Amino acid sequence: MGPSLVISVVRRSRSHLKKKLRYESVQLREYPRIQQNLPARQMSSSNNNASNFGVDEKREHLYKILVIGELGAGKTSIIKRYVHQFFSQHYRATIGVDFALKVLNWDPHTIIRLQLWDIAGQERFGNMTRVYYKEAVGAFIVFDVTRSATLDAVVKWKQDLDSKVQLPDGSSIPCVLLANKCDQQMEGLVNSSTKMDEYCKEKNFSGWFETSAKENINIEEAAKFLVNKILQNDQVMRGNGSQDQPDGERFALNQSPTSSKKSCSC
Ligand SMILES: Nc1nc2c(ncn2[C@@H]2O[C@H](COP(=O)(O)OP(=O)(O)O)[C@@H](O)[C@H]2O)c(=O)[nH]1
Ligand SMILES: [Mg+2]
C-alpha cells in the first residue's frame, strides 16, 4: 500500500466518524427526553431469587409500555387518567414523544414502575421510528369506539409494532387492545364481544378491554392485565422458575379483569 492510499483510508475513516457523530447528535436533539431516560427496559434492585428475600427487600422493575393508535382515539386521555387521575376535553398537544411514570406497589416484595410512552402528532404518519419502540416490553393499541375507521387502522399499528420490537426470543411483545370512549354510542364490530374476541385471537392481541378515560372505566384493569403478561414473560426469560416462587402464583390476585364492562383475555 503506497503512502497516498494510507492517507486516503485515514481520511475516509475520519469522515465516516464525523458522519456518525453528526448522526448521533441529530438523534440526541430529536429525542432529548428519550435519551435522558434510557435504558428503560427493566431493572432489579435486589437479588432475583425470591427464596433469598429478606423482610425489607424489594424487587423493582421498570417497564417501558407504548401507547399507540390513531389520532384522537384517547391515548393521552388514558395516560392522564391512569397516572394523574384526571380527565379533560382539552389537552395542550405535546409535539413529539412524551411519557409518564406510574408506580405500582404490586405486592410486598415488588415495586413496578411503568413508563408509559405517548405519541403526539406523529400518529398522522401511521408509524413510528424504531427508537420509539426500542426496549418496550408491552403495548396498548387504542381505538375510538365511535369511529370504526380507527379500529380499521389497528392492524396497521399492530404490524408496525411487531415489525419494530420483539422479545429476546423473537416473539411479539404483549399487546392489549383498548376500545376507548365506551361511555359513548359504539359503532361497528365492537358491539359484538364474540367478534371482538375472534378479532383479538386472529390478530394476536393478548386481550381487549372496553375503556373510558372520561368515566374511568377499565383502565386500571387493562394495565394490570398487561403487567401480568409482562411479568410472565420476564419469569420465562429469567428462566429461574424451578428455584424461584412462580410469578403465576405471586401475581394471581391481579390475574383477571374485575370490571363488569366487556373485555377478553384471548
Ligand atoms: N367521551 C369520551 N371522550 C374521550 C375519551 N377519551 C378521550 N376523549 C376525548 O377525545 C379527544 C381526543 O383525546 P386524546 O386523548 O387527545 O386522543 P389522542 O390523540 O389519541 O391522544 C379529546 O377531546 C378527549 O377529551 C373517553 O373515554 N370518552
Ligand atoms: Mg395525544
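These legends describe close-up views of a predicted model.

**View 1. The shell around ligand 1.**
Ligand 1 has 19 residues around it. The nearest are G72, K75, S77, D183 and A213. By class, the shell splits into four nonpolar, nine polar and six charged residues. Helix 3, which spans residues 75–84, gives the most to this shell. Its share is three residues.

**View 2. Polar contacts of ligand 1.**
Three pairs are picked out here, at G74, T76 and D183. At G74, a polar backbone atom sits 2.9 Å from an oxygen atom of ligand 1. At T76, the partner is a polar side-chain atom, 2.9 Å from an oxygen atom of the ligand. At D183, an N or O atom of the side chain is 2.8 Å from a nitrogen atom of ligand 1. Taken alone, ligand 1 exposes 580 Å². The protein buries 84% of that area. D183 is also among the residues that come nearest to ligand 1.

**View 3. The cavity.**
Rolling a probe the size of a water molecule over the atoms shows where empty space is left. How many cavities of 30 Å³ or more does the structure hold? The count is one. The volume of the largest cavity is about 80 Å³.

**View 4. The lining of the largest cavity.**
Which residues line the largest cavity? They are V67, I78, I79, Y82, L116, F140, L178, I219, A222 and A223. The lining has 10 nonpolar residues. Polar and charged residues are absent from the lining. Helix 3 supplies at least two residues of this lining, and so does helix 8 (219–238). Helix 3 thus appears in two settings: it lends residues to the ligand 1 shell and to the cavity lining.

**View 5. A salt bridge within helix 6.**
The side chains of D162 and K158 form a salt bridge. The N to O distance is 2.8 Å. Where do D162 and K158 lie? Both are in helix 6, residues 154–164. They stand four residues apart, about one turn of the helix. The count of salt bridges in the model comes to seven.

Methods:
Residues numbered from 1 in each chain as written. Chains lettered and ligands numbered in written order. Predicted model: local features only at pLDDT ≥ 70, side-chain atom pairs only at ≥ 80, totals over all residues. Heavy atoms only, no water. Near = heavy atom within 4 Å. Polar contact = N/O pair within 3.5 Å; in protein donor to acceptor, adjacent residues only side chain to side chain. Areas by Shrake-Rupley, 256 points an atom, 1.4 Å probe, with all protein chains shown as cover. Nonpolar A, V, L, I, M, F, W, Y, C, P; charged D, E, K, R; others polar. 1 Å grid on protein atoms, 1.4 Å probe; cavity = no way out; pocket = protein on both sides within 12 Å on 5 of 7 lines; lining within 4 Å. Points joined across faces, edges and corners; volume = space filled by probe spheres on them. Salt bridge = Lys/Arg side-chain N within 4 Å of Asp/Glu carboxyl O.
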